[in-house]
Amino acid sequence: MDIARPAGGAGRHRRLPSLTGLRFWAALTVVLYHLSRQAGPLPVVSDLTWYGRSGVTFFFVLSGFVLAWTYEGIRVPAKVFLWRRFARIWPMLAVSVAASVAVWYAVGTPVSLKGVAATLLMLNAWVPDRQILSGGNPAAWSLSDEAWFYAVFPLLLTLPFLRTARRRAGTAIVVCVASAGVWLAGSVMTDSLVRQWALDYFPPTRTLQFVLGVAAGIAVKRGWRPPVPLSGAVVLVLAWQAVLVPWSHAVPDSLWYSPYSASQLLSAPLFAALVAAAAHSDLGQRRTGLATPWMIRLGNWSFAWYLLHEIVLRLLLDMTGSPQTTAGLAAFWAAVLAVSLALSGVAYHYVEHPLERLLRRVGPQTPKQRHSPAESVTST
């Protein structure tokens, strides 16, 4: 199956560097979420990032947006598209799983070989089993969902519900309503593990967020102007995080109506607005503060950081123990942030990026690529 549709708007070949900068901030919220819950909470920061796992929702929306922006309106054989996505995520996945297993052995934690195999095959999010979900690298469950998104993406572009502005708007409304319905469905699930898996991990559940990103990406590509400017979208996202603070104090995470799942399932529209607004700012050549050289660099490191930070956190906790004072906790946080981010920079420049380029070069090519230099990897 080819990925092919009528050509999009005039900006279809433009890069969107602000989206790369946003990747860093989304990864940071996930890192702070793990630091708060595993090392200990810091005042204010932990309150605002107690549900920073919703950064994964942002990445799912962003993934749909970027793929739609890149591939809608052009003809690419499905096997080429899928190989490119494999080259993009699997090498760093394999390295992170090896590092995670090594750290588990070092700290004396048993390792599930089934979980490792499921993670490497990107199938671990399909099974409600904690050993399989986190058996290779706990953070890597989201790549199982991403692999599913990549498999269905060529089909999505052939379906009629994304072809007109009215249908895309209707799709966005249906997706948002369905997301709320999925969250409400948690009220009838009595097994907490099954509920968490079904609402937070299960790939078809998360596909709603990916589809919303695809719809937004095609809309912006075809000239749609987001109703909220970038500054307004940022305020909305921050306001949502602030709303979660008193909610989290009132309702334990173990209950279905806590903000744990709500923060992930109900935040997608806000993230779609944020991504669309940032992209529209780039198209209008407006400065966003997200496209500076350092923001682009940190954004490029974000994938490795997402996969490696929890491994560093786990190892340092075993080496030093849990900090007992606020000052000690702040120092521990700083150490984890510095070490994991530095390792991520090394991993990006010497593992992730070169291996992606190598695999893309030796894998299946489009006819145009066979007669031209190797395609560069876009920053988004």
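**Helices 13 and 7 and their aromatic surroundings**

Val 275 is buried, with a relative accessible area of 0%; since the cut-off for burial is under 20%, the assignment is clear. The model described here is a predicted one. Val 275 is found in helix 13. Leaving out residues up to four places away in sequence, Val 275 touches Leu 19, Phe 58, Leu 62 and Phe 65. By contrast, the C-alpha atoms of Val 275 and Leu 316 are separated by 34 Å, the two residues being 41 apart along the chain.

Ser 281 belongs to the helix that holds Val 275, namely helix 13, which covers residues 268-283. Ser 281 is buried, with a relative accessible area of 7%. Apart from neighbours within four places in sequence, Ser 281 is in contact with Leu 230, Arg 286 and Thr 288.

The helix as a whole can now be considered. Helix 13 has 16 residues, and its first and last C-alpha atoms are 22 Å apart, close to the 22 Å expected at 1.5 Å a residue. Because 12 of its 16 residues are buried, helix 13 is largely enclosed by the rest of the structure. Among the buried residues are Ala 268, Phe 271, Leu 274 and His 280, as well as Val 275 and Ser 281. The partners against which the buried residues of helix 13 pack are helix 1 (17-39), helix 3 (55-71), helix 10 (203-221), helix 11 (230-250) and helix 12 (259-265). After helix 13 comes Gln 285, whose phi is positive, near 55°.

Attention turns next to the nonpolar interior. The largest nonpolar core has 101 residues, of which Leu 19, Leu 35, Phe 58, Phe 65, Phe 153, Val 214 and Phe 332 touch the most other members. Helix 14 (residues 293-320) supplies the largest share of this core, with 14 residues. Another core lies apart from it and has five residues, including Tyr 51, Trp 240, Leu 244 and Tyr 260. Three of the names just given recur from the surroundings of Val 275, which touches Leu 19, Phe 58 and Phe 65.

Phe 153 leads to helix 7, where this residue is one of those buried. At 1.5 Å a residue, the 16 residues of helix 7 should span 22 Å, and the end C-alpha atoms are 23 Å apart, which agrees. Helix 7 is mostly covered, with 12 of its 16 residues buried. The buried set includes Trp 141, Asp 145, Glu 146, Phe 149 and Pro 154. At Tyr 150 helix 7 has a kink of about 25°, shortly before the proline Pro 154.

Tyr 150 also takes part in the aromatic contacts. The whole structure contains 23 aromatic pairs. In one of them, the rings of Phe 81 and Tyr 150 have centres 6.5 Å apart and planes at 85°, so the pair is edge-to-face. This pair joins distant parts of the chain, since Phe 81 lies in helix 4 (residues 78-107) and Tyr 150 in helix 7 (residues 141-156), 69 residues apart. Both Phe 81 and Tyr 150 are buried. The two belong to one aromatic cluster, which also includes Phe 60, Tyr 71, Trp 141, Phe 149, Phe 153, Tyr 201 and Phe 210.

Two tryptophan rings have arginine partners. The charged end of Arg 314 sits over the ring of Trp 104, 4.1 Å from its centre. Arg 297 lies over the face of Trp 294, at 4.5 Å from the ring centre.

Methods: Residues are numbered from 1 along each chain as its sequence is written. This is a predicted model: local features need pLDDT of at least 70, side-chain atom pairs count only at pLDDT 80 or more; totals for chains, interfaces and linings use all residues. Side-chain values use heavy atoms; hydrogens and water are left out. Rings of Phe, Tyr and Trp (its six-membered ring) pair if their centres lie within 6.5 Å; planes under 30 degrees apart count as stacked, over 60 as edge-to-face and the rest as tilted. Helices (H or I, at least four residues) and strands (E, at least two) are DSSP runs, numbered from the N terminus. Buried means under 20% relative accessible area, exposed over 50%, partly exposed in between (1.4 Å probe, protein chains only). A charge sits over a ring if NZ of Lys or CZ of Arg is within 6 Å of the ring centre and within 35 degrees of the ring normal. The expected span of a helix is 1.5 Å times one less than its number of residues. The bend at a residue is the angle between axes fitted to the seven residues ending there and the seven starting there. Contact means heavy atoms within 4.5 Å. A nonpolar core is a set of buried Ala, Val, Leu, Ile, Met, Phe, Trp, Tyr and Cys residues joined through side-chain atoms within 4.5 Å.
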